[in-house]
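Consider how the helices and nonpolar residues of this chain pack together. The sequence and structure come first, and the explanation follows.

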Amino acid sequence: MQSLRHILLLTLSLLFSLCQAQPLVPQSGHEALNVCILGDSNAWLSGDDCADERGWPYWFARKFAPASCRSYARSGATWTHTAQTRKNLVEVSGRLGNDNVIYNQVERLIAAVRAGQQPAPHLVVICCGTNDAWFEKARPAACEKSAAEAFAQRGGYITQRAVSSLTSLADCVRFDCELLWQHLPDAQILIVTPPQTTNPGAARIRRVSDLLADCAAYLGVGCIRLDTAGCIYEARERAQNHFTYDGTHTSVAGAHRNGCFIANQAAALLHY
């Protein structure tokens, strides 16, 4: 009896291990697509070549299985500009700064395509907003304007405006996406909201995410909500880090979950 019980336990343990070790199955149909990723530290963790498993782009690239996938993300990046923001293709600060914004990632991407260093992307995934919510003192005007106010001007693109004059999140989202389309008209854009985090907390993340979702609706682009459907739950991470290693930045397990989720959502939203 004891021997039979031991065999059953070993069998169950083996079956559980096999289930846990199921390989990531790449999606099909994206083999001709070139993908670029813009964002902040959780995307930056994978490196420019998306080869580090600590960042969600690593898992996204393996699940989505495109022809190419390159990240222009930088730690500390925000959507929101400041009055000192300028075009800057070379700065790599890794922390919050006037020029460490999605706008300059867009400019780097455009420059790389022009130089023949980057194939023109079919899909641009932008996952940012944590730092806009977190560093309110550095970005005090981030949430002062609604999407409706930012998109009230309907006569054409706003890309002729000085980037230093755009200090609200909604204005910057509009500007950056219009700039992408002005230079890369065939690119499809997907906006990904920031995940929950212990800093600055779920309420501020939700406020920024709602604003990003409203902007996406005006732009007519897909929006993937990591704050409401991603794997990270603020209270759980406060109790014990699991999908993050510090309450904000993903562990390998968290990167895996979010990368696969974004890949699945992107596949459902594609127009190709």
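A crossing of two helices is called right-handed if the near helix is turned clockwise from the far one by less than a right angle, and left-handed if it is turned anticlockwise. The model discussed here is predicted. In it, α7 crosses α8 in the right-handed sense.

The axes of α7 and α8 are 10 Å apart and make an angle of about 40°. Angles of 35 to 65 degrees fall outside the roughly parallel and roughly perpendicular ranges, and α7 and α8 are therefore oblique to each other. On the α7 side, the contact is formed by Leu-169, Ala-170, Val-173, Cys-177 and Trp-181. Val-208, Leu-211, Leu-212, Cys-215 and Leu-219 form the α8 side. By class, the residues of this contact are ten nonpolar, no polar and no charged.

Both helices also take part in a wider arrangement. The largest nonpolar core has 42 residues, and those touching the most other members are Trp-79, Ile-126, Val-173, Leu-180, Ile-189, Ile-191 and Leu-219. Two or more residues each come from β1 (34-39), α4 (102-114), β3 (123-127), α6 (147-150), α7 (169-183), β4 (188-192) and α8 (202-219). The greatest contribution is that of α7, with nine residues.

Which residues is Leu-180 in contact with, leaving aside its neighbours within four places in sequence? They are Val-106, Leu-109, Val-124, Ile-126, Pro-185 and Ile-189.

A second core, separate from this one, has 23 residues, among them Cys-50, Phe-60, Leu-190 and Phe-261.

Notes. Residues are numbered from 1 along each chain as its sequence is written. This is a predicted model: local features need pLDDT of at least 70, side-chain atom pairs count only at pLDDT 80 or more; totals for chains, interfaces and linings use all residues. Side-chain values use heavy atoms; hydrogens and water are left out. A nonpolar core is a set of buried Ala, Val, Leu, Ile, Met, Phe, Trp, Tyr and Cys residues joined through side-chain atoms within 4.5 Å. Buried means under 20% relative accessible area, exposed over 50%, partly exposed in between (1.4 Å probe, protein chains only). Helices (H or I, at least four residues) and strands (E, at least two) are DSSP runs, numbered from the N terminus. Contact means heavy atoms within 4.5 Å. Axes are lines fitted to C-alpha atoms, for helices over the stretch in contact, and angles run from 0 to 180 degrees between N-to-C directions. Angles under 35 degrees count as roughly parallel, over 145 as roughly antiparallel, 65 to 115 as roughly perpendicular and the rest as oblique. Ala, Val, Leu, Ile, Met, Phe, Trp, Tyr, Cys and Pro count as nonpolar, Asp, Glu, Lys and Arg as charged, and the others, Gly among them, as polar.
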